[in-house]
Structures are given as structure tokens and as C-alpha cells.
Amino acid sequence: VLAEEPGDGPSFAERARWEQRVRAGRSERITVTVQVWLDQAGKPWRPGDLIACELPRTTGSMLIASVKLTRGDNATITT
């Protein structure tokens, strides 16, 4: 990663920690399908929202990157 401007050691260390967290977050993606269009608060699922996950593969907060709402004959589904 090339720095946008000159800086000292602490600012570069902070940038490195930020890059590490962002890249780690982007590397772990899952796709989840639920049979409702609304979350527990009654609001639609929205990109950018943080949600708590307790799944076999992932536990903790995750960011919703995209939402696909589908209505079928017998169900409403959010992916």
C-alpha cells in the first residue's frame, strides 16, 4: 500500500491496522437466506447495516453488503 502523503511512524502504523481490519472484513463473506423481508425490529434488511451473526461458520457482527428481496407463491425471502 502506497501512502497518499508523507507521514511519521505512528500514522503509518495506524493506517496499517486500518488496512488489516478492512481487508480481513472484506475477505469473509457469507450468503444467508431468511424467510422474511423484515428484521426483528420490523425494518427491512438494508445494505450498510451491521447485524449480529451466530452461525456455525461465523459469530460476531457482520455488515450487510447487498439485499435481494424475492416474493414467491408461498413465501417472501431475503437473500
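This dialogue explains how to read a pocket, a buried residue and salt bridges in a predicted model.

User: How does one find empty space in a structure, and what volume does the largest pocket have here?

Analyst: Rolling a probe the size of a water molecule over the atoms shows where empty space is left. In this predicted model, the largest pocket has a volume of about 1,000 Å³. Its lining consists of 34 residues, and those closest to the centre of the pocket are I30, I51, M62, L63 and I64.

User: Which elements give two or more residues to the lining of the largest pocket?

Analyst: They are helix α1 (9-27) together with β1 (50-54) and β2 (59-63). By residue class, the lining of the largest pocket comprises 17 nonpolar, 10 polar and 7 charged residues.

User: I should next like to consider a single residue. Is T78 buried or exposed?

Analyst: The judgement rests on relative accessible area, and a residue under 20% is called buried. T78 has a relative accessibility of 4%, so it counts as buried. This residue belongs to strand β4, which covers residues 76-78.

User: Which residues does T78 touch, leaving aside those up to four places away in sequence?

Analyst: T78 touches V32, T33, V34, V36, W37, W45, V67, K68 and L69. With V36 there is also a polar approach: a polar atom of the T78 side chain lies 2.5 Å from the backbone oxygen of V36.

User: How many salt bridges does the structure hold, and where should I begin?

Analyst: A salt bridge pairs a side-chain nitrogen of Lys or Arg with a carboxyl oxygen of Asp or Glu within 4 Å. The structure holds 3 of them. One may begin with E19, whose side chain meets that of R15 at 2.9 Å, N to O. E19 also forms a salt bridge with R23, where the closest N and O atoms are 2.9 Å apart.

User: Why are R23 and E19 separated by about one helical turn?

Analyst: The reason is that R23 and E19 are 4 residues apart in helix α1. E19 and R15 are likewise 4 residues apart in helix α1. As for accessibility, E19 is buried at 12%, R15 is partly exposed at 25%, and R23 is exposed at 51%.

User: Which residues form the remaining salt bridge, and which residues are joined into one network?

Analyst: R46 and D49 meet through their side chains at 3.1 Å, N to O. R46 is partly exposed, with a relative accessible area of 45%, and D49 is partly exposed at 22%. Shared partners link R15, E19 and R23 into one network of salt bridges.

Methods:
Residues are numbered from 1 along each chain as its sequence is written. This is a predicted model: local features need pLDDT of at least 70, side-chain atom pairs count only at pLDDT 80 or more; totals for chains, interfaces and linings use all residues. Side-chain values use heavy atoms; hydrogens and water are left out. On a 1 Å grid over the protein atoms alone, a cavity is a set of points where a 1.4 Å probe fits but cannot get out, and a pocket is an open set with protein on both sides within 12 Å along at least five of seven lines; lining residues have an atom within 4 Å of a point. Grid points are joined across faces, edges and corners, and a volume is the space filled by probe spheres set on the points. Ala, Val, Leu, Ile, Met, Phe, Trp, Tyr, Cys and Pro count as nonpolar, Asp, Glu, Lys and Arg as charged, and the others, Gly among them, as polar. Buried means under 20% relative accessible area, exposed over 50%, partly exposed in between (1.4 Å probe, protein chains only). A polar contact is a pair of N or O atoms within 3.5 Å; within protein, one must be able to donate a hydrogen and the other to accept it, and residues adjacent in sequence count only if both atoms are side-chain atoms. Contact means heavy atoms within 4.5 Å.
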